[in-house]
Amino acid sequence: MSRIGNNPVAIPEGVTVDVKENVVTVKGKLGELTQNFDAVEIKVEDGNILVTRSSDSKEQKAKHGLYRSLMNNMIAGVSKGWTKELELVGVGYRASNQGQKLDLALGFSHNIVLNLAPEVKVETISEKGKNPIIKLTSHDKQLVGQVAAKIRGFRKPEPYKGKGIKFVGEELRRKAGKSA
């Protein structure tokens, strides 16, 4: 039995939820998100979203908690938004942005220019003596995570010196170098 799926999702003020056939639409001050669903029933009652299943089949058990979590993430996204911060660790690693274009200098022979989706707001912070930080913000949690993973994939942190692109607050597993 899903424990997460049984919890109702509270709908805050300023957020509207519309359920039609197999599509849920959530609108808020930061944007609008839609999600298809199947194998479960979604109802809006008394300012809460309830996700129920009709049987204990394996498919319905698996999707019960999943869709409840997706609804919760959608509501949190359109009301508060989601943010991911990436830190560039390494000599000469730089990041800058002009609108939705992110320009990364990561030690390759050329800079990497990445065009971001209009839903994702990007901000680069460069202070003297500190590592550059890329701040991604959006109402769509899935999209922010995907963009952050793509940026991190250009230069993953290596275990010896820790150089590369890492999430702010991420603990890296470090290795000792060669012993003399």
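Select E21 to begin: E21 is exposed, with a relative accessible area of 79%. Exposed stands for over 50% relative accessible area, buried for under 20%, and partly exposed for what lies in between, with a 1.4 Å probe and protein chains only. E21 is in the loop between strand 2 and strand 3. Its phi is positive, about 50°, although E21 is not a glycine. Most residues other than glycine have a negative phi.

The model is predicted: local features need pLDDT of at least 70, side-chain atom pairs count only at pLDDT 80 or more, and totals for chains, interfaces and linings use all residues. Residues are numbered from 1 along each chain as its sequence is written, and side-chain values use heavy atoms, with hydrogens and water left out.

**Stop 1: a second positive phi**

Select D46. This residue, also not a glycine, has a positive phi near 50°. D46 sits in the loop between strand 5 (41-45) and strand 6 (48-52). D46 is exposed, at 78% relative accessible area.

**Stop 2: the sheet of strands 2, 3 and 4**

Strands here are DSSP runs of E with at least two residues, helices are runs of H or I with at least four residues, and both are numbered from the N terminus. Two strands pair if DSSP finds at least two bridges between them.

Select residues 16-20, 23-27 and 32-36. The three strands make an open sheet in the order 2-3-4, with antiparallel pairing. Which strands stand at the edges? Strand 2 and strand 4 do, each with a single partner strand, so one side of each has no neighbour in the sheet. On average, neighbouring strands of this sheet are turned by 15° against each other, direction ignored. Angles run from 0 to 180 degrees between N-to-C directions, and the axes are lines fitted to C-alpha atoms, for helices over the stretch in contact.

Strand 2 and strand 3 run antiparallel and are joined by five bridges. To see one pair of facing residues, select V19 and V24: V19 stands opposite V24 in strand 3.

**Stop 3: helix 1**

Now select residues 58-79, which form helix 1. Helix 1 lies across strand 2, strand 3 and strand 4, and runs at about 170° to strand 4.

Inside helix 1, select E59 and K63. They form a salt bridge, with the closest N and O atoms 3.2 Å apart. A salt bridge is a side-chain nitrogen of Lys or Arg within 4 Å of a carboxyl oxygen of Asp or Glu. Why are E59 and K63 separated by about one helical turn? The reason is that they are four residues apart in helix 1. E59 is partly exposed, at 44% relative accessibility. Add D38 to the selection: D38, E59 and K63 are linked in a network of salt bridges.

**Stop 4: other salt bridges**

How many salt bridges does a search of the whole structure find? The search finds eight.

Select E41 and K43, whose side chains meet in a salt bridge at 3.8 Å, N to O. E41 is partly exposed, with a relative accessible area of 45%, and K43 is partly exposed at 35%.

Next select R53 and D56. Their salt bridge has its closest N and O atoms 3.3 Å apart. R53 is buried, at 19% relative accessible area, whereas D56 is exposed, at 56%.

**Stop 5: strand 7 and its partners**

Select residues 82-89, which form strand 7, and residues 133-138, which form strand 12. The two pair in the antiparallel sense over six bridges. E85 stands opposite K135 in strand 12.

Then add residues 164-167, strand 13, which runs antiparallel to strand 7 and is joined to it by four bridges. The bridge partner of L88 in strand 13 is I165.

**Stop 6: the loop at S126**

Select S126, in the loop between strand 11 (121-125) and strand 12. S126 counts as exposed, at 56% relative accessibility. Not counting residues up to four places away in sequence, S126 touches A95 and P132; contact means heavy atoms within 4.5 Å. R94 is 32 residues from S126 along the chain, and their C-alpha atoms are separated by 8.1 Å.
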